[in-house]
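Me: I have a protein structure open and would like to learn how to read it. Could you walk me through some of its features?

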Amino acid sequence: MKTTRKKEWFDEESFWRELYPFMFSEQRMAEADEQVAKALALTKPRGKSVLDLCCGPGRCSVSLAKKGFSITGVDKTKYLLEKARSRARTAHVKIEWVQEDMRDFVRPESFALVISMFTSFGYFDDTREDVIVLENMFTSLKPGGACLIEVLGKERLAKILQSTSSSALPDGSILVERREICDDWTRVRNEWVLIRKGKAKSFKFHTTIYSGLELRDRMERVGFVDVTLHGNLDGDEYGPNAERLVAIGHKPI
Ligand SMILES: C[S@@+](CC[C@H](N)C(=O)[O-])C[C@H]1O[C@@H](n2cnc3c(N)ncnc32)[C@H](O)[C@@H]1O
């Protein structure tokens, strides 16, 4: 039975549609093959079935499918799943796409690997719901399966935090990003202002920001074992100088 929930920022399809050129730039799309190869080297899955949770436009799903993996891509944004379908068609790969909320999707003992890439974790106002997502990931793994979560870590954010920054997009638009840490350093509140053809549009969103220890603790709490933290997909050490927080956990055999 589906739960009725209040609408949150990530439910707004226009958020993903209008920021698509920035979030999923050609460069970011092109990086997927290499990222996926590194994620596989780090996790060494014991099988070919992979769940790409919050797959978006299928960046990683399509790369994995091209390598012969059997992919289920789950995302709640219809617009992004349509992009994913079209990319899979162009690449001549077959992928199962599921439009569902990450708090609901669970398929017991079905996958050798679950990935959550490019900051797709920590979206919920009630952080117990992040734990539900971890439980779903754990349940969906086969015994011996691996889970990889890739986000921006709190240690890094504390070091590089800039309240405002801006960047120019290839189509000539400008994106101004403003961020503020709130709720006792547990959450980052963002406002992105997209200036296109002289018109500005603002998008507000917030995420929970996990430290390495906080993420590892939550993963262990739901049953993951041998949880390791890395500073990038090359497996370098995690800490304030690490570009990313990559957490890998395993379901016991
Ligand atoms: C930053 S994008 C990352 C996409 C993809 N993982 C990648 O590496 O390119 C975050 C994704 O999470 C999806 N998402 C956000 N909230 C979700 C939810 N509650 N359930 C399922 N998907 C969600 C969005 O639609 C979006 O595709």
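Reply: Happily; we will go through the sheets, a helix residue and the ligand in turn. Keep in mind that this is a predicted model.

Me: Let's begin with sheets. What holds the strands of a sheet together, and in which senses can they pair?

Reply: The general idea is that strands pair through backbone hydrogen bonds, and the pairing is either parallel or antiparallel. Here, one open sheet has four strands in the order β6-β7-β8-β9, with antiparallel pairing. Its edge strands are β6 (164-168) and β9, each of which pairs on one side only. On average, neighbouring strands in this sheet are turned by 20 degrees against each other, ignoring direction.

Me: How many bridges join β7 to β8?

Reply: Nine bridges join strand β7 (residues 174-182) to β8, and the two run antiparallel. You can follow the pairing residue by residue: R179 stands opposite N190 in β8, and I181 stands opposite V188. Between the two strands, the hairpin has four residues, and D183 takes a positive phi near 50 degrees.

Me: And what about the other side of β8, where β9 lies? How many bridges are there?

Reply: Ten bridges join β8 to strand β9 (residues 199-208), again running antiparallel. One pair to look for is R187, which stands opposite T208 in β9. These strands also form a hairpin, with two residues between them, and K197 in the turn has a positive phi of about 50 degrees.

Me: Is β8 mostly covered or mostly open?

Reply: Mostly covered: of the ten residues in β8 (residues 187-196), seven are buried. A general point helps when you look at any strand: in a regular one, the side chains alternate between the two faces of the sheet.

Me: What is the strand order in the sheet of seven strands?

Reply: That open sheet has the order β3-β2-β1-β4-β5-β11-β10, and its pairing is mixed. At its edges are β3 (96-99) and β10 (225-230), each pairing on one side only. The twist from one strand to the next averages 15 degrees. For a parallel example, take strand β2 (residues 70-75) and β3, which pair over four bridges. There, the bridge partner of G73 is W97 in β3.

Me: Which helices pack on this sheet?

Reply: Helix α4 (residues 32-43) packs on the sheet and touches β4 (111-116), β5 (141-151), β10 and β11 (245-250); its direction makes about 45 degrees with that of β11. Helix α7 (residues 128-140) also packs on the sheet, touching β1 (49-53), β4, β5 and β11, and its direction makes about 145 degrees with that of β5.

Me: Let's zoom in on T43 in helix α4. Why does T43 count as buried?

Reply: The cut-off for buried is under 20% relative accessible area. T43 counts as buried because its relative accessibility is 5%. Leaving aside neighbours within four places in sequence, T43 is in contact with L113, A146, L148, I248 and H250. Its side chain also reaches the backbone oxygen of A39 at 2.7 Å.

Me: Finally, which residues are closest to the ligand?

Reply: The ligand is surrounded by 19 residues, and the closest are C54, R59, D75, T77 and M102. For polar contacts, look at the nitrogen atoms of the ligand. One lies 3.2 Å from a polar side-chain atom of D101, and a nitrogen is 3.0 Å from a polar backbone atom of M117. The protein covers 99% of the 600 Å² of accessible area that the ligand has on its own.

Key:
Residues numbered from 1 in each chain as written. Predicted model: local features only at pLDDT ≥ 70, side-chain atom pairs only at ≥ 80, totals over all residues. Heavy atoms only, no water. Buried < 20%, exposed > 50% of the residue type's maximum accessible area, 1.4 Å probe, protein only. Pairing = 2+ DSSP bridges. Axes fitted to C-alpha atoms, helices over the stretch in contact; angles between N-to-C directions. Contact = heavy atoms within 4.5 Å. Polar contact = N/O pair within 3.5 Å; in protein donor to acceptor, adjacent residues only side chain to side chain. Near = heavy atom within 4 Å. Areas by Shrake-Rupley, 256 points an atom, 1.4 Å probe, with all protein chains shown as cover.
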